[in-house]
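Colleague: Please take a close look at a single part of this predicted model, and then set that part within the whole. I am new to this, so explain each term when you use it.

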Amino acid sequence: VDKERKMPLAELPYMKKVLHSVEVGLNVHKAFLLILQKEFAEAIESSQDLSRALVTRIAAAKVEAVEFAIKSLALMRRDVGSFSLMASSPFGSNNDILLCCRFAEGDSRVLQQMLTRDLVKKHSKFPAVARLLWRVLKAWLSGALHSPAKLQYLRDQQLLRLLWDLAREYRKCLQKGMTKAEAETEAWIQAELVYDVAKTHAQQLIHSTVEQQCGRSKDTLRFMDMCISDCEARHV
């Protein structure tokens, strides 16, 4: 702190805040992974095919656990100062291997597209879209913006916007003379919310699964706040 007073870096207020956020995220992700390991083992032992719901949660875990590790390392590297630049430090270039994890055992971008595409398919018919619209409106009227349901509300809101964007772009492509298949592909490519919906959906799955299996706790509430802040920051 100064010449007369010394203090561990981890005790400094700004570093305490970063380390607490990392610890919360680590606890929630570890709990989620343990739940998935148990479900996966039970499916294998009983010789059952993996359910689509389990496959979806595994994809969410792969994407978000890797992203959490990369983000946490970047935050700590930023705040520990010049020590983070030393090759011998825990934050040195050796940790760049984490970037490879984005592409190993399933490219994160491809898995995110899968997560979003499954949601879009579930809402490809008018009755499903109407239920989604009603769910968003009902959540807004019931005060979901100030409750633990806010993360799901944001996911549904983003999905609704994505469906509108896809439909609008699809019509434009058809008017240009494209075939239906070409129009669907082009609309998907042009959609800007695909990865945002995937991220919010994955975070919502992680949060809701851990709360359902382990109960609500300070960690799950703090994790939800972190996810909401992350989601809102992407749409400023």
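Modeller: Helices and strands here are runs assigned by DSSP (H or I over at least four residues for a helix, E over at least two for a strand), and they are numbered from the N terminus. Residues are numbered from 1 along each chain as the sequence is written. The model is predicted, with pLDDT of at least 70 needed for local features and 80 or more for side-chain atom pairs, while totals for chains, interfaces and linings use all residues, and side-chain values rest on heavy atoms, without hydrogens or water.

The part I have chosen is helix H4, residues 108–122. Its 15 residues reach 21 Å from the first C-alpha to the last, close to the 21 Å expected at 1.5 Å a residue. The expected span is 1.5 Å times one less than the number of residues. At the N-terminal end of H4, Asp107 acts as a cap, with a side-chain oxygen 2.8 Å from the backbone nitrogen of Arg109. Such a polar contact is a pair of N or O atoms within 3.5 Å; within protein, one atom must be able to donate a hydrogen and the other to accept it, and residues adjacent in sequence count only if both atoms are side-chain atoms.

Next comes burial. A residue is buried under 20% relative accessible area, exposed over 50% and partly exposed in between, using a 1.4 Å probe and protein chains only. The buried residues of H4 are Ser108, Leu111, Gln112, Leu115, Thr116, Asp118, Leu119 and Val120. An α-helix has 3.6 residues a turn, so residues three or four places apart point the same way. The buried residues of H4 pack against helices H2 (52–79), H6 (150–175), H7 (180–190) and H8 (194–214). Contact here means heavy atoms within 4.5 Å.

H8, one of these partners, is mostly covered, with 17 of its 21 residues buried. The end C-alpha atoms of H8 are 30 Å apart, which agrees with the 30 Å that its length should span at 1.5 Å a residue. Just after H8, Gly215 has a positive phi of about 90°.

Between H7 and H8, two further partners of H4, lies the loop that holds Ala191. Ala191 is buried because its relative accessible area is 13%. Leaving out residues up to four places away in sequence, Ala191 touches Leu162 and Leu166. The C-alpha atoms of Ala191 and Trp164 are 10.0 Å apart, although 27 residues separate them along the chain.

The loop between H1 and H2 gives a contrast, with Asp49 in it. Asp49 has a relative accessible area of 72%, so it counts as exposed. Asp49 and Val136 are 87 residues apart in sequence, and their C-alpha atoms are 33 Å apart in space.

Now the whole. The protein has nine helices and zero strands. Of its 236 residues, 38% are buried. Its C-alpha trace spans about 75 × 45 × 45 Å along the principal axes. Among contacts between residues at least 6 apart in sequence, 71% join residues at least 24 apart.
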